[in-house]
Amino acid sequence: MQFDIIDHNVSTTTNIFLVIANIINLFYNIPQMYKTYKCKSTKDFSGTFLLLRIIGNTIWVEYAIEVNSFLMLLNNMVTIISSLFIGYYKLNEILEERKKAKEQNIILENINIENNNMENNIDDDKKKLITNKIYSISPRKILYEYFFKN
């Protein structure tokens with residue numbers, strides 16, 4: 001299998017634009033990867049976007065191999081690597097949210113145990129508000145919000 005940098009099916013001008021586009025693609029991913037690494041936050045990224053980006057570019061990699069296009073292969077590999085990098089931080093963020101939700105559920109269980117063992121001064125409306133607020137943060141809801149609401 002031999003990859004060609006120049007596509008002989010298009011004009012020289014088009015080949016120049018292909019090279020420029022690949023150089024831009026190499027560098028436009030770097031600032032976002034740096035920001036994600038520095039901030040350790042991917043709240044602005046949709047998990048669905050990252051997943052579809054990886055799947056779509058993986059298909060393009062297969063096509064680039066099939067037509068022996070080095071530039072297309074390079075372009076899509078860079079996109080996949082940057083998406084996996086950002087996806088790693090996205091997954092860590094989701095797992096951290098799930099961990100916080102579990103901790104909140106444990107706190108609620110402890111509150112309920114204490115409430116059963118002693119009389120407290122919190123009226124029923126406040127108990128319902130606390131219960132609804134903590135139980136409404138489920139791992140399923142967190143995943144839904146990250147993948148479909150962002």
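In the next few minutes I will go through this predicted model, beginning with the chain as a whole and then turning to a few places in it.

Let me begin with the overall make-up. The protein chain contains 5 helices and 0 strands, and read from the N terminus on, its elements run α-α-α-α-α. Of the 150 residues in the protein chain, 23% are buried, and the surface that the chain exposes comes to about 11000 Å², with carbon and sulfur atoms supplying 62% of that area. If we take the contacts between residues at least 6 apart in sequence, 80% of them join residues that are at least 24 apart.

Now to the helix α1, which runs from 12 to 39. Does its computed length agree or disagree with what its 28 residues should span? At 1.5 Å a residue, the expectation for α1 is 40 Å, and because its end C-alpha atoms are 42 Å apart, the two values agree. The buried residues in α1 include Asn15, Asn22, Asn25, Asn29 and Thr36. As background for reading such a list, an α-helix has 3.6 residues a turn, so residues three or four places apart point the same way.

Two of those asparagines, Asn22 and Asn25, are touched by Asn75 when residues up to four places away in sequence are not counted. Asn75 itself lies in helix α3, and with a relative accessible area of 23% it is classed as partly exposed, because the cut-off for buried is under 20%. The C-alpha atom of Asn75 is also separated by 8.5 Å from that of Ile23, although the two residues are 52 apart along the chain.

I would like to move next to the loop between α1 and α2, the latter covering 47-66. Just after α1 comes Lys40, which is placed in this loop and has a positive phi of about 55° although it is not a glycine. The general background here is that most residues other than glycine have a negative phi. Lys40 is partly exposed, its relative accessible area being 45%.

In the same stretch, that is, in the loop between α1 and α2, we also find Thr42 and Ser46. Is Thr42 buried or exposed? Its relative accessibility is 1%, and therefore Thr42 counts as buried. Once its neighbours within four places in sequence are left aside, Thr42 is in contact with Thr36, Ile86, Tyr89, Lys90 and Glu93, and of these, Thr36 is one that we have already met among the buried residues of α1. Ser46, at 12% relative accessibility, also counts as buried, and its C-alpha atom is 9.6 Å from that of Gly87, with their positions 41 residues apart in sequence.

A related pairing involves Leu91, which lies in helix α3. The C-alpha atoms of Leu91 and Gly47 are separated by 8.5 Å, while the residues are 44 apart along the chain. Leu91 is partly exposed, with 49% relative accessible area, because exposed is reserved for values over 50%.

The other loop I want to mention is the one between α2 and α3, where Asn68 lies. Asn68, too, has a positive phi although it is not a glycine, in this case of about 60°, and its relative accessible area of 27% makes it partly exposed.

Finally, let me turn to the largest pocket. How much space lies in it? The value is about 330 Å³. Its lining is made of 18 residues, and those that lie nearest its centre are Asp7, Leu18, Val67, Ser69 and Met72. The elements that give two or more residues to this lining are α1 and α3, with α3 spanning 70-117. By kind, the lining residues divide into 8 nonpolar, 8 polar and 2 charged.

To draw this together with some care: the model is a predicted one, its chain has 5 helices and 0 strands, Thr42 in the loop between α1 and α2 is buried at 1% relative accessibility, and α1 and α3 each give two or more residues to the lining of the largest pocket.

Terms used: Residues are numbered from 1 along each chain as its sequence is written. This is a predicted model: local features need pLDDT of at least 70, side-chain atom pairs count only at pLDDT 80 or more; totals for chains, interfaces and linings use all residues. Side-chain values use heavy atoms; hydrogens and water are left out. Helices (H or I, at least four residues) and strands (E, at least two) are DSSP runs, numbered from the N terminus. Buried means under 20% relative accessible area, exposed over 50%, partly exposed in between (1.4 Å probe, protein chains only). Contact means heavy atoms within 4.5 Å. The expected span of a helix is 1.5 Å times one less than its number of residues. Accessible areas come from the Shrake-Rupley method with a 1.4 Å probe; for residues, only the protein chains shown count as cover. On a 1 Å grid over the protein atoms alone, a cavity is a set of points where a 1.4 Å probe fits but cannot get out, and a pocket is an open set with protein on both sides within 12 Å along at least five of seven lines; lining residues have an atom within 4 Å of a point. Grid points are joined across faces, edges and corners, and a volume is the space filled by probe spheres set on the points. Ala, Val, Leu, Ile, Met, Phe, Trp, Tyr, Cys and Pro count as nonpolar, Asp, Glu, Lys and Arg as charged, and the others, Gly among them, as polar.
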